[in-house]
Amino acid sequence: MGAASSEDRVSGELGVDRAEWLAGLLEHSTDVISILDLEGKILFINQTKPSTTPSAVIGRRASEFLPSPTNQVWDSAFRRAVETCAAQHLELPSHGGYYWEVRLVPIRRGASAAYVVSIGSDITEKKRTQSELASKEALLDLALSAAHMGQWVWEIAADRMIWDNTTRQMLDWSGSNEAVSLEQFLGRVQEEDRARVRLHLQQGAQLGQLHPIEFRVATQRGERWLHWTGKAYLTDEGKPRDLLGGVLDVTHQRQGEAALNRAQKLEALSQLAAGVAHDFNNLLFAILGSVQLAQIAKTPSQQQSLLNEAVSTCLRAGELTRRLLAFGSNQGTGEQAINLGELVQGTLQLLGRLIPSSIEVELDLAENLPAIWGDRGQIEQVVMNLCLNARDAMSTGGQLSLSTRRVPLGSEPPSSSARGKAQRYDSDPPSAIGPPSSRHAHYVVLTVKDTGAGIPPEMMSRIFEPFFTTKAQGTGLGLPTVHSIVQQHGGCIDVQSEPGSGATFSVYLPTA
């Protein structure tokens, strides 16, 4: 005795025959199910639209209810189903803006088809959603294209990086369109930035958080600066699965910032020249006096002492010249760990006579301050610009205070309600010159405070604009240059000021 079929078992266990449970299934199915003869005429249909009864469609060809040329597609698929006895799958629009997914399943009798079962699923909402998604993707592609921004994905486990065409063009990639490895991507990055970018992406893969970063790539068009940003997507277990993001060519922006820095350096150098020349002249007189006295010295010991003094003065003159040349150089001094306290003291010595005696300078530099990472020449320029800006605000004298301190990440941001605040501090800052790990550690804060005239509220929002100045004389390049340099170093600036109460600039820089 053969094994019972699944239908027989269902009938036996539930106490209903096959016809009953099939009828129930057809009645409550959300699909439109019909049985067709070999000419495509409807023999049975489980449901119709409310305005039509099943009896009104029985005996008519199914294709009659479809618009042209959809009915021709239906007829072709129906013939194939009958002739090949193979199921056919197709998607068809119908009257009223509906869209259907249809499966034509032949019912065999011997070697040929006897009937065809048509199962239609309403996929109107699905198609509408797909259409809306396609429209949004097209708009996104258009926006990215207009902004010259590329997209990239790094599948972490498989070590596969996928780029769109814009990203390939930025990286000057002439290879195949297949995915590349992390090391292949890093091969396009300038050697000086390669270790930093590798660490940045590896930390993003480990921590599930990717901060923006800017780096250089070598192309046939020369060196290019790219701004790379992204987001991590996690698995169900909360582990980073993919990094997805965008890339923007910021070479022209970088070149503009460099030009702004050079212009501002020329302005600062013109102010430094008088003070340095006076100090250097004093050193020359000291050297000349020591040598002349050595010539007439009566004993060898007196002569040696005077010559030693001349040598020491020469060394001080050489150090003064070195600092001036380093500050005036158009080239950066390179990325390095910087002791901010020592840099502040050295910059104040270089300023020398530029700060008049009517201004009292007060220093409060924290001990054992962690180093910051960046370009020493640029950070010196920040300190110098802020000091000269404070000096100009105190034309009749006052007090200039400089202090440094350490701030744990996110623990002490400036109050968002601070009056006159021009730049909001964010615990998730822009890209840094230093290692990405610095963004997960601490910040060093340099505060420059003056007791000058203060900044009018209506001007506060414009103080970082190039060529905007509140001074009677000035180029308006100092504060924009400070803002540009601080952003490049992954930091930010908080400004608080009231008319008549001076101004306080707090510069946040990530530790090395």
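Modeller: A salt bridge is taken here as a side-chain nitrogen of Lys or Arg within 4 Å of a carboxyl oxygen of Asp or Glu, and the model to which this rule is applied is a predicted one.

Biologist: With which residue does Glu183 form a salt bridge?

Modeller: The closest N and O atoms of the pair are 3.0 Å apart, which is within the 4 Å that the rule allows. Glu183 lies in helix α7 (residues 182–186) and its partner in helix α8 (residues 191–207), so the pair ties together parts that are 15 residues apart in sequence. Glu183 is partly exposed at a relative accessible area of 44%, and the partner, partly exposed at 24%, is Arg198.

Biologist: How many salt bridges does the count come to by this rule?

Modeller: Side chains of opposite charge can pair when their charged atoms come close. Asp193, Arg196, Arg216 and Glu223, for instance, are linked in a network of such bridges. When the rule is applied, the number of salt bridges comes to 15.

Biologist: How many residues apart in sequence are the parts that Glu91 and Lys127 tie together?

Modeller: The side chains of Glu91 and Lys127 meet in a salt bridge, with a distance of 3.3 Å from N to O. Because Glu91 belongs to strand β3 (residues 88–93) and Lys127 to helix α5 (residues 124–146), the pair ties together parts whose separation in sequence, in residues, is 36.

Biologist: Over the ring of which residue does the charged end of Lys127 sit?

Modeller: Lys127 is partly exposed, with a relative accessible area of 23%, and Glu91, its salt-bridge partner, is also partly exposed, at 37%. The charged end of Lys127 lies 4.9 Å from the centre of a ring, and that ring belongs to Tyr99.

Biologist: Is Arg391 buried or exposed?

Modeller: Arg391 forms a salt bridge with Asp392, their closest N and O atoms being 2.8 Å apart. Asp392 is partly exposed, with a relative accessible area of 32%. For Arg391 the value is 16%, and because the cut-off is under 20%, this residue counts as buried.

Biologist: At what angle do the ring planes of Phe215 and Trp228 stand?

Modeller: The structure holds 3 aromatic pairs, and in the one made by Phe215 and Trp228 the ring centres are 5.7 Å apart. Phe215 lies in strand β8 (residues 213–219) and Trp228 in strand β9 (residues 222–234), so the pair ties together parts that are 13 residues apart in sequence. Both residues are buried, Phe215 at 0% relative accessibility and Trp228 at 1%. The pair counts as tilted because its planes stand at 55°.

Biologist: Which residue do ring pairs link with Phe215 and Trp228 into a cluster?

Modeller: The rings of Phe215 and Trp228 form a tilted pair. Ring pairs join these two residues into a cluster with one further aromatic residue, Phe185.

Biologist: Which residue of β15 does Val407 stand opposite?

Modeller: Strand β14 (residues 398–408) pairs in the parallel sense with strand β12 (residues 359–365) over 7 bridges, and there Thr404 is the bridge partner of Leu365. Strand β14 is also joined by 9 bridges to strand β15 (residues 442–450), and these two run antiparallel. In β15, the residue that stands opposite Val407 is Tyr443.

Key
Residues numbered from 1 in each chain as written. Predicted model: local features only at pLDDT ≥ 70, side-chain atom pairs only at ≥ 80, totals over all residues. Heavy atoms only, no water. Helix = DSSP H or I, 4+ residues; strand = E, 2+ residues; numbered from the N terminus. Buried < 20%, exposed > 50% of the residue type's maximum accessible area, 1.4 Å probe, protein only. Pairing = 2+ DSSP bridges. Phe/Tyr/Trp six-rings, centres within 6.5 Å; stacked < 30°, edge-to-face > 60°. Lys NZ or Arg CZ within 6 Å of the ring centre and 35° of its normal.
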